[in-house]
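This report describes the surroundings of the ligands in one complex. Confidence comes after a working definition, followed by each ligand in turn.

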Amino acid sequence: MPIVAHNDLPTFDRLRAEGQNILESDRAIHQDIRELHIGLLNMMPDAALAATERQFFRLVGQSNQIAQFYVHPFSLPGLPRGEKAQAHIDRYYEPFETVRDQGLDALIITGANVSGPGLADQPFWAPLIEVVDWAFESVTSTLCSCLATHAVMQFRYGQRRQPLPSKRWGVYTHRVVDQSHPLNSSTNTMFDVPHSRFNDVSREQFEAVDARVLVESEEAGVHLATSPDGLRIVMFQGHPEYDTISLLKEYKREVQLFANGMRDGYPPFPENVFSRKASAVLEEYRHMLERALDRGREPPLFPEERIAAGLDNTWRDTAEGVVGNWLGLIYRVTHNDRRIPFMEWVDPEDPLRHISGG
Ligand SMILES: CC(C)(COP(=O)(O)OP(=O)(O)OC[C@H]1O[C@@H](n2cnc3c(N)ncnc32)[C@H](O)[C@@H]1OP(=O)(O)O)[C@@H](O)C(=O)NCCC(=O)NCCSC(=O)CCC(=O)O
Ligand SMILES: N[C@@H](CCO)C(=O)O
(Lines give C-alpha, C1' and ligand atoms only; values in the text may rest on other atoms or scores of the structure.)
(Ligands and ions follow the chains in the order given, each with its own letter.)
Protein backbone atom coordinates (compact mmCIF):
# COMPACT_ATOMS: atom_id res chain seq x y z
CA MET A 1 0.00 0.00 0.00
CA PRO A 2 1.44 3.42 -0.88
CA ILE A 3 2.42 6.16 1.58
CA VAL A 4 0.38 9.33 1.02
CA ALA A 5 2.52 12.49 0.70
CA HIS A 6 0.18 14.63 2.79
CA ASN A 7 2.68 17.44 3.42
CA ASP A 8 6.04 18.66 2.10
CA LEU A 9 8.33 16.57 4.33
CA PRO A 10 11.61 16.16 2.35
CA THR A 11 11.60 12.42 3.06
CA PHE A 12 8.81 12.00 0.49
CA ASP A 13 11.08 13.34 -2.27
CA ARG A 14 13.95 11.11 -1.20
CA LEU A 15 11.71 8.03 -1.17
CA ARG A 16 10.14 8.97 -4.51
CA ALA A 17 13.64 9.28 -6.02
CA GLU A 18 14.43 5.79 -4.71
CA GLY A 19 11.40 4.45 -6.57
CA GLN A 20 9.20 3.98 -3.50
CA ASN A 21 5.45 3.93 -3.96
CA ILE A 22 4.39 7.46 -2.87
CA LEU A 23 0.88 8.74 -3.60
CA GLU A 24 0.26 12.48 -4.11
CA SER A 25 -2.37 13.71 -1.66
CA ASP A 26 -4.86 14.97 -4.27
CA ARG A 27 -4.61 11.57 -6.07
CA ALA A 28 -5.15 9.84 -2.72
CA ILE A 29 -8.27 11.91 -1.98
CA HIS A 30 -9.76 11.17 -5.38
CA GLN A 31 -8.81 7.48 -5.55
CA ASP A 32 -11.78 5.19 -6.19
CA ILE A 33 -11.18 2.75 -3.36
CA ARG A 34 -12.53 -0.70 -4.14
CA GLU A 35 -11.73 -4.44 -4.10
CA LEU A 36 -9.59 -6.08 -6.82
CA HIS A 37 -10.77 -8.95 -9.02
CA ILE A 38 -8.15 -11.48 -10.08
CA GLY A 39 -8.75 -14.38 -12.47
CA LEU A 40 -6.91 -17.69 -11.99
CA LEU A 41 -6.75 -19.76 -15.17
CA ASN A 42 -5.79 -23.13 -13.71
CA MET A 43 -4.24 -25.41 -16.33
CA MET A 44 -2.43 -27.74 -13.95
CA PRO A 45 -3.05 -31.51 -14.13
CA ASP A 46 -5.67 -33.09 -11.87
CA ALA A 47 -3.27 -34.17 -9.12
CA ALA A 48 -1.97 -30.62 -8.73
CA LEU A 49 -5.24 -28.74 -9.41
CA ALA A 50 -6.29 -27.98 -5.83
CA ALA A 51 -2.70 -27.56 -4.56
CA THR A 52 -2.13 -24.96 -7.30
CA GLU A 53 -5.31 -23.12 -6.28
CA ARG A 54 -4.03 -22.99 -2.72
CA GLN A 55 -0.58 -21.82 -3.82
CA PHE A 56 -1.80 -18.84 -5.84
CA PHE A 57 -4.58 -17.92 -3.39
CA ARG A 58 -1.96 -17.95 -0.63
CA LEU A 59 0.47 -15.81 -2.63
CA VAL A 60 -2.21 -13.22 -3.42
CA GLY A 61 -3.69 -13.25 0.07
CA GLN A 62 -0.36 -13.02 1.88
CA SER A 63 0.94 -10.25 -0.40
CA ASN A 64 -1.26 -7.62 1.28
CA GLN A 65 -3.26 -7.78 4.49
CA ILE A 66 -5.40 -4.67 3.88
CA ALA A 67 -6.82 -4.72 0.36
CA GLN A 68 -9.70 -7.08 -0.51
CA PHE A 69 -9.09 -9.63 -3.26
CA TYR A 70 -11.69 -11.70 -5.10
CA VAL A 71 -10.05 -14.60 -6.95
CA HIS A 72 -12.07 -16.14 -9.81
CA PRO A 73 -10.77 -19.60 -10.84
CA PHE A 74 -11.56 -20.90 -14.32
CA SER A 75 -10.19 -23.55 -16.66
CA LEU A 76 -10.10 -24.34 -20.38
CA PRO A 77 -11.80 -26.95 -22.51
CA GLY A 78 -9.27 -29.32 -24.09
CA LEU A 79 -7.30 -30.10 -20.92
CA PRO A 80 -7.64 -33.80 -20.08
CA ARG A 81 -9.63 -34.16 -16.85
CA GLY A 82 -10.75 -37.12 -14.76
CA GLU A 83 -14.22 -37.33 -13.27
CA LYS A 84 -13.33 -35.90 -9.87
CA ALA A 85 -11.38 -32.90 -11.17
CA GLN A 86 -14.08 -32.18 -13.75
CA ALA A 87 -16.74 -32.25 -11.01
CA HIS A 88 -14.64 -29.81 -8.95
CA ILE A 89 -14.36 -27.47 -11.94
CA ASP A 90 -18.07 -27.73 -12.75
CA ARG A 91 -19.02 -27.03 -9.15
CA TYR A 92 -16.58 -24.29 -8.16
CA TYR A 93 -15.02 -22.69 -11.25
CA GLU A 94 -16.64 -19.97 -13.34
CA PRO A 95 -17.10 -20.27 -17.10
CA PHE A 96 -14.61 -18.09 -19.02
CA GLU A 97 -17.56 -16.25 -20.60
CA THR A 98 -18.77 -15.08 -17.15
CA VAL A 99 -15.28 -13.95 -16.15
CA ARG A 100 -14.90 -12.10 -19.44
CA ASP A 101 -18.28 -10.39 -19.24
CA GLN A 102 -17.79 -9.21 -15.66
CA GLY A 103 -14.18 -8.12 -16.24
CA LEU A 104 -10.93 -8.58 -14.30
CA ASP A 105 -8.23 -6.28 -12.98
CA ALA A 106 -5.57 -9.00 -13.06
CA LEU A 107 -5.19 -12.50 -14.47
CA ILE A 108 -2.88 -15.31 -13.38
CA ILE A 109 -2.28 -18.21 -15.80
CA THR A 110 -0.71 -21.31 -14.25
CA GLY A 111 1.71 -23.69 -15.89
CA ALA A 112 0.59 -27.01 -17.35
CA ASN A 113 2.04 -30.46 -17.88
CA VAL A 114 2.36 -31.21 -21.58
CA SER A 115 4.11 -34.05 -23.32
CA GLY A 116 6.40 -33.10 -26.19
CA PRO A 117 7.74 -29.71 -27.19
CA GLY A 118 5.03 -28.85 -29.76
CA LEU A 119 2.86 -26.35 -27.90
CA ALA A 120 0.73 -25.43 -30.89
CA ASP A 121 -0.46 -29.08 -31.14
CA GLN A 122 -1.93 -29.04 -27.65
CA PRO A 123 -5.74 -29.15 -27.51
CA PHE A 124 -5.84 -26.08 -25.24
CA TRP A 125 -3.77 -23.95 -27.65
CA ALA A 126 -6.62 -22.09 -29.41
CA PRO A 127 -8.70 -21.42 -26.25
CA LEU A 128 -5.56 -20.23 -24.43
CA ILE A 129 -4.79 -17.75 -27.20
CA GLU A 130 -8.37 -16.49 -26.99
CA VAL A 131 -8.01 -15.83 -23.25
CA VAL A 132 -4.61 -14.13 -23.57
CA ASP A 133 -5.71 -11.95 -26.50
CA TRP A 134 -8.84 -10.88 -24.62
CA ALA A 135 -6.78 -10.17 -21.48
CA PHE A 136 -4.20 -8.11 -23.37
CA GLU A 137 -6.93 -5.70 -24.45
CA SER A 138 -9.21 -5.84 -21.40
CA VAL A 139 -7.26 -6.78 -18.25
CA THR A 140 -4.70 -4.41 -16.68
CA SER A 141 -2.02 -7.10 -16.30
CA THR A 142 -1.62 -10.86 -16.90
CA LEU A 143 0.89 -12.92 -14.91
CA CYS A 144 2.02 -16.05 -16.77
CA SER A 145 3.65 -18.99 -15.00
CA CYS A 146 6.14 -21.31 -16.73
CA LEU A 147 4.36 -23.02 -19.61
CA ALA A 148 2.00 -20.04 -19.96
CA THR A 149 5.09 -17.84 -20.41
CA HIS A 150 6.38 -20.20 -23.10
CA ALA A 151 3.02 -20.13 -24.87
CA VAL A 152 2.81 -16.32 -24.82
CA MET A 153 6.40 -15.97 -26.04
CA GLN A 154 5.51 -18.23 -28.97
CA PHE A 155 2.19 -16.86 -30.14
CA ARG A 156 2.53 -13.17 -29.25
CA TYR A 157 6.25 -12.70 -29.84
CA GLY A 158 7.25 -15.50 -32.23
CA GLN A 159 9.95 -16.90 -29.88
CA ARG A 160 9.84 -20.68 -29.46
CA ARG A 161 11.09 -22.25 -26.27
CA GLN A 162 14.10 -24.55 -26.59
CA PRO A 163 14.38 -28.02 -25.03
CA LEU A 164 17.03 -28.15 -22.27
CA PRO A 165 19.68 -30.92 -22.33
CA SER A 166 18.31 -32.08 -18.97
CA LYS A 167 15.37 -31.03 -16.82
CA ARG A 168 15.99 -27.81 -14.85
CA TRP A 169 14.76 -28.97 -11.54
CA GLY A 170 15.45 -27.55 -8.11
CA VAL A 171 15.80 -24.31 -6.15
CA TYR A 172 18.23 -21.75 -7.59
CA THR A 173 19.70 -18.40 -6.54
CA HIS A 174 18.62 -15.38 -8.58
CA ARG A 175 19.58 -11.72 -8.79
CA VAL A 176 17.50 -8.66 -9.62
CA VAL A 177 19.06 -7.34 -12.85
CA ASP A 178 16.78 -4.27 -13.24
CA GLN A 179 16.38 -2.53 -9.90
CA SER A 180 14.59 0.42 -11.49
CA HIS A 181 11.47 -1.61 -12.20
CA PRO A 182 8.74 -1.17 -9.55
CA LEU A 183 7.95 -4.91 -9.55
CA ASN A 184 11.27 -5.34 -7.72
CA SER A 185 10.78 -2.39 -5.40
CA SER A 186 12.07 -3.25 -1.90
CA THR A 187 12.56 -6.95 -2.61
CA ASN A 188 15.81 -8.67 -1.74
CA THR A 189 18.33 -8.25 -4.58
CA MET A 190 19.35 -11.90 -4.33
CA PHE A 191 16.79 -14.62 -3.69
CA ASP A 192 15.76 -18.17 -4.50
CA VAL A 193 13.08 -19.50 -6.85
CA PRO A 194 12.15 -23.13 -7.62
CA HIS A 195 12.19 -24.29 -11.27
CA SER A 196 10.71 -27.43 -12.80
CA ARG A 197 10.92 -27.49 -16.57
CA PHE A 198 12.31 -29.26 -19.63
CA ASN A 199 12.29 -26.13 -21.80
CA ASP A 200 13.74 -22.65 -21.72
CA VAL A 201 13.26 -19.20 -23.21
CA SER A 202 16.65 -17.46 -23.06
CA ARG A 203 17.55 -13.89 -22.14
CA GLU A 204 18.47 -13.30 -25.81
CA GLN A 205 14.97 -14.37 -26.86
CA PHE A 206 13.29 -12.03 -24.38
CA GLU A 207 15.57 -9.16 -25.42
CA ALA A 208 14.99 -9.82 -29.12
CA VAL A 209 11.36 -8.75 -28.66
CA ASP A 210 12.15 -5.86 -26.27
CA ALA A 211 10.76 -7.68 -23.24
CA ARG A 212 12.27 -6.38 -19.99
CA VAL A 213 14.29 -8.99 -18.10
CA LEU A 214 14.08 -8.25 -14.36
CA VAL A 215 15.32 -11.33 -12.49
CA GLU A 216 17.84 -13.92 -13.65
CA SER A 217 19.88 -16.83 -12.33
CA GLU A 218 23.33 -17.91 -13.54
CA GLU A 219 22.31 -21.55 -13.25
CA ALA A 220 18.60 -21.44 -14.06
CA GLY A 221 18.27 -18.59 -16.59
CA VAL A 222 15.61 -15.90 -16.70
CA HIS A 223 12.93 -16.08 -14.03
CA LEU A 224 11.02 -12.77 -14.38
CA ALA A 225 10.42 -10.60 -17.46
CA THR A 226 7.68 -8.24 -18.63
CA SER A 227 6.21 -7.16 -21.94
CA PRO A 228 7.96 -4.09 -23.45
CA ASP A 229 5.41 -1.73 -21.80
CA GLY A 230 6.63 -2.98 -18.39
CA LEU A 231 3.32 -4.20 -16.94
CA ARG A 232 0.68 -5.72 -19.22
CA ILE A 233 2.29 -9.17 -19.38
CA VAL A 234 4.42 -10.38 -16.48
CA MET A 235 6.27 -13.64 -17.18
CA PHE A 236 7.65 -16.15 -14.67
CA GLN A 237 9.69 -19.15 -15.81
CA GLY A 238 10.17 -20.44 -12.27
CA HIS A 239 7.58 -21.43 -9.69
CA PRO A 240 7.70 -18.97 -6.77
CA GLU A 241 4.22 -20.17 -5.81
CA TYR A 242 5.45 -23.71 -5.03
CA ASP A 243 4.90 -25.06 -1.54
CA THR A 244 7.87 -26.16 0.54
CA ILE A 245 6.97 -29.78 -0.31
CA SER A 246 6.15 -29.42 -4.05
CA LEU A 247 9.55 -30.55 -5.39
CA LEU A 248 9.56 -33.45 -2.92
CA LYS A 249 6.13 -34.50 -4.27
CA GLU A 250 7.52 -34.34 -7.82
CA TYR A 251 10.58 -36.38 -6.81
CA LYS A 252 8.37 -38.99 -5.14
CA ARG A 253 6.25 -39.17 -8.31
CA GLU A 254 9.40 -39.86 -10.38
CA VAL A 255 10.58 -42.55 -7.93
CA GLN A 256 7.15 -44.19 -8.13
CA LEU A 257 7.22 -44.07 -11.94
CA PHE A 258 10.62 -45.83 -11.81
CA ALA A 259 9.30 -48.42 -9.35
CA ASN A 260 6.36 -49.13 -11.69
CA GLY A 261 8.66 -49.53 -14.71
CA MET A 262 7.31 -46.35 -16.29
CA ARG A 263 10.55 -44.37 -16.20
CA ASP A 264 14.04 -45.22 -17.47
CA GLY A 265 16.67 -44.78 -14.80
CA TYR A 266 16.36 -43.73 -11.20
CA PRO A 267 15.54 -39.99 -10.94
CA PRO A 268 18.28 -37.56 -9.87
CA PHE A 269 17.66 -35.32 -6.87
CA PRO A 270 16.15 -31.91 -7.59
CA GLU A 271 19.08 -29.53 -7.07
CA ASN A 272 19.60 -27.62 -3.80
CA VAL A 273 16.52 -29.13 -2.14
CA PHE A 274 17.65 -31.97 0.13
CA SER A 275 20.11 -31.57 3.00
CA ARG A 276 23.04 -33.97 3.26
CA LYS A 277 21.10 -35.96 5.86
CA ALA A 278 17.95 -36.09 3.72
CA SER A 279 20.06 -37.16 0.70
CA ALA A 280 21.52 -40.00 2.76
CA VAL A 281 18.03 -41.16 3.80
CA LEU A 282 16.87 -41.04 0.17
CA GLU A 283 19.97 -42.93 -1.06
CA GLU A 284 19.25 -45.58 1.54
CA TYR A 285 15.63 -45.72 0.32
CA ARG A 286 16.89 -46.21 -3.24
CA HIS A 287 18.96 -49.25 -2.17
CA MET A 288 15.97 -50.71 -0.34
CA LEU A 289 13.68 -50.10 -3.32
CA GLU A 290 16.12 -51.62 -5.84
CA ARG A 291 16.59 -54.67 -3.60
CA ALA A 292 12.82 -55.09 -3.29
CA LEU A 293 12.36 -54.80 -7.07
CA ASP A 294 15.15 -57.36 -7.68
CA ARG A 295 13.43 -59.81 -5.37
CA GLY A 296 9.94 -59.15 -6.70
CA ARG A 297 8.77 -57.73 -3.39
CA GLU A 298 6.50 -54.75 -2.65
CA PRO A 299 8.41 -51.41 -2.71
CA PRO A 300 9.08 -50.03 0.78
CA LEU A 301 7.17 -46.95 1.95
CA PHE A 302 8.70 -43.69 0.64
CA PRO A 303 9.96 -41.68 3.67
CA GLU A 304 7.97 -38.58 2.71
CA GLU A 305 7.08 -37.24 6.16
CA ARG A 306 10.61 -37.63 7.47
CA ILE A 307 12.09 -35.70 4.54
CA ALA A 308 9.32 -33.06 4.49
CA ALA A 309 9.94 -32.20 8.14
CA GLY A 310 13.48 -31.02 7.34
CA LEU A 311 12.81 -29.01 4.15
CA ASP A 312 13.45 -25.26 4.05
CA ASN A 313 11.55 -22.59 2.14
CA THR A 314 13.90 -19.84 0.90
CA TRP A 315 11.66 -18.15 -1.70
CA ARG A 316 8.24 -17.36 -0.24
CA ASP A 317 8.68 -13.87 1.25
CA THR A 318 10.25 -12.45 -1.92
CA ALA A 319 7.52 -14.10 -3.99
CA GLU A 320 4.92 -12.33 -1.85
CA GLY A 321 6.82 -9.05 -2.21
CA VAL A 322 6.79 -9.25 -6.02
CA VAL A 323 3.10 -10.19 -6.13
CA GLY A 324 2.28 -7.37 -3.69
CA ASN A 325 4.15 -4.91 -5.93
CA TRP A 326 2.32 -6.27 -8.98
CA LEU A 327 -1.14 -5.86 -7.43
CA GLY A 328 -0.24 -2.41 -6.08
CA LEU A 329 0.81 -1.25 -9.57
CA ILE A 330 -2.39 -2.64 -11.05
CA TYR A 331 -4.44 -0.81 -8.44
CA ARG A 332 -2.75 2.49 -9.31
CA VAL A 333 -3.70 2.34 -12.99
CA THR A 334 -6.81 0.18 -13.28
CA HIS A 335 -10.18 1.76 -14.03
CA ASN A 336 -12.92 1.83 -11.40
CA ASP A 337 -15.07 -0.12 -13.89
CA ARG A 338 -13.34 -3.50 -13.84
CA ARG A 339 -14.18 -4.18 -17.49
CA ILE A 340 -11.91 -1.28 -18.51
CA PRO A 341 -8.17 -1.92 -18.03
CA PHE A 342 -6.86 1.62 -17.49
CA MET A 343 -8.01 4.96 -16.18
CA GLU A 344 -8.46 7.54 -18.96
CA TRP A 345 -5.14 9.29 -18.40
CA VAL A 346 -3.01 6.10 -18.39
CA ASP A 347 -1.15 5.28 -21.62
CA PRO A 348 -1.54 1.48 -22.22
CA GLU A 349 1.78 1.52 -24.09
CA ASP A 350 3.55 3.04 -21.07
CA PRO A 351 1.33 2.42 -18.04
CA LEU A 352 4.09 2.94 -15.45
CA ARG A 353 5.07 6.42 -16.64
CA HIS A 354 3.27 8.28 -13.85
CA ILE A 355 4.28 5.87 -11.11
CA SER A 356 7.40 6.41 -9.00
CA GLY A 357 10.15 4.11 -10.14
CA GLY A 358 8.30 3.23 -13.36
C1 LIG B 1 3.72 -34.28 -8.12
C2 LIG B 1 2.26 -34.64 -8.09
C3 LIG B 1 1.97 -35.79 -9.04
C4 LIG B 1 1.88 -35.03 -6.67
O5 LIG B 1 0.48 -35.26 -6.59
P6 LIG B 1 -0.12 -36.53 -5.78
O7 LIG B 1 -1.59 -36.43 -5.77
O8 LIG B 1 0.51 -37.78 -6.31
O9 LIG B 1 0.41 -36.27 -4.33
P10 LIG B 1 0.26 -37.21 -3.07
O11 LIG B 1 1.63 -37.56 -2.63
O12 LIG B 1 -0.71 -38.33 -3.32
O13 LIG B 1 -0.33 -36.21 -2.00
C14 LIG B 1 -1.63 -35.70 -2.08
C15 LIG B 1 -1.70 -34.45 -1.23
O16 LIG B 1 -0.62 -33.56 -1.57
C17 LIG B 1 -1.13 -32.35 -2.13
N18 LIG B 1 -0.27 -32.01 -3.24
C19 LIG B 1 -0.21 -32.60 -4.43
N20 LIG B 1 0.67 -32.00 -5.21
C21 LIG B 1 1.19 -31.01 -4.51
C22 LIG B 1 2.14 -30.03 -4.79
N23 LIG B 1 2.73 -29.97 -5.96
N24 LIG B 1 2.45 -29.14 -3.84
C25 LIG B 1 1.85 -29.21 -2.64
N26 LIG B 1 0.93 -30.12 -2.31
C27 LIG B 1 0.60 -31.02 -3.23
C28 LIG B 1 -2.52 -32.71 -2.60
O29 LIG B 1 -3.34 -31.57 -2.70
C30 LIG B 1 -2.96 -33.65 -1.51
O31 LIG B 1 -3.25 -32.90 -0.35
P32 LIG B 1 -4.47 -33.28 0.63
O33 LIG B 1 -4.25 -34.74 0.94
O34 LIG B 1 -4.26 -32.37 1.79
O35 LIG B 1 -5.69 -32.98 -0.17
C36 LIG B 1 1.41 -33.42 -8.49
O37 LIG B 1 1.64 -32.33 -7.64
C38 LIG B 1 1.67 -32.98 -9.90
O39 LIG B 1 1.23 -33.55 -10.88
N40 LIG B 1 2.38 -31.89 -10.05
C41 LIG B 1 2.62 -31.44 -11.36
C42 LIG B 1 3.60 -30.42 -11.34
C43 LIG B 1 3.86 -30.05 -12.76
O44 LIG B 1 3.40 -30.67 -13.70
N45 LIG B 1 4.66 -29.08 -12.90
C46 LIG B 1 5.02 -28.70 -14.18
C47 LIG B 1 4.48 -27.41 -14.51
S48 LIG B 1 5.80 -26.57 -15.13
C49 LIG B 1 5.48 -26.29 -16.73
O50 LIG B 1 4.64 -25.45 -16.98
C51 LIG B 1 6.17 -27.14 -17.81
C52 LIG B 1 7.11 -26.32 -18.63
C53 LIG B 1 8.13 -27.18 -19.41
O54 LIG B 1 7.78 -28.33 -19.78
O55 LIG B 1 9.24 -26.72 -19.64
N1 LIG C 1 -7.15 2.94 -10.07
C2 LIG C 1 -8.21 3.47 -9.24
C3 LIG C 1 -8.48 2.51 -8.09
C4 LIG C 1 -9.36 1.37 -8.52
O5 LIG C 1 -10.69 1.79 -8.59
C6 LIG C 1 -7.77 4.81 -8.68
O7 LIG C 1 -6.55 4.97 -8.46
O8 LIG C 1 -8.61 5.65 -8.47
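## Contact criterion and model confidence

A polar contact here is a pair of N or O atoms within 3.5 Å. One such pair joins a nitrogen atom of ligand 1 to an N or O atom in the side chain of Tyr242, at 3.4 Å.

The model is predicted. The protein has a mean pLDDT of 96, with 99% of its residues at 70 or more. For the complex, the predictor reports an ipTM of 0.93 and a pTM of 0.96.

## Ligand 1: location and shell

Ligand 1 occupies the largest pocket. Its shell holds 27 residues, and the closest are Arg54, Asp243, Ser246, Lys249 and Lys252. Sorted by class, the shell around ligand 1 comprises 11 nonpolar, eight polar and eight charged residues.

Several secondary-structure elements contribute to this shell. At least two residues come from each of helix H3 (46-63), helix H7 (147-155), strand S8 (190-200) and helix H9 (246-259).

## Ligand 1: polar contacts and burial

Two backbone contacts involve oxygen atoms of the ligand. A polar backbone atom of Ala112 is 3.1 Å from an oxygen atom of ligand 1, and a backbone N or O atom of Leu147 is also 3.1 Å from an oxygen atom of ligand 1. On its own, ligand 1 has 1100 Å² of accessible area, of which the protein covers 73%.

## Ligand 2: shell

The residues around ligand 2 are Arg27, Gln31, Asp32, Arg34, Tyr331, Arg332, Thr334, Asn336 and Met343. By class, this shell consists of two nonpolar, three polar and four charged residues.

## Ligand 2: polar contacts and burial

Oxygen atoms of ligand 2 take part in contacts with both side-chain and backbone atoms. On the side-chain part, an N or O atom of Arg27 lies 3.0 Å from an oxygen atom of ligand 2, and a polar atom of the Asn336 side chain is 3.4 Å from an oxygen atom of the ligand. On the backbone part, an N or O atom of Asp32 is 2.8 Å from an oxygen atom of ligand 2.

How much of ligand 2 does the protein bury? Taken alone, ligand 2 exposes 260 Å², and the protein buries 99% of that area.

Methods
Residues numbered from 1 in each chain as written. Chains lettered and ligands numbered in written order. Predicted model: local features only at pLDDT ≥ 70, side-chain atom pairs only at ≥ 80, totals over all residues. Heavy atoms only, no water. Near = heavy atom within 4 Å. Polar contact = N/O pair within 3.5 Å; in protein donor to acceptor, adjacent residues only side chain to side chain. Areas by Shrake-Rupley, 256 points an atom, 1.4 Å probe, with all protein chains shown as cover. 1 Å grid on protein atoms, 1.4 Å probe; cavity = no way out; pocket = protein on both sides within 12 Å on 5 of 7 lines; lining within 4 Å. Sits in = over half its atoms within 2 Å of the grid points. Helix = DSSP H or I, 4+ residues; strand = E, 2+ residues; numbered from the N terminus. Nonpolar A, V, L, I, M, F, W, Y, C, P; charged D, E, K, R; others polar. pLDDT = per-residue confidence, 0-100.
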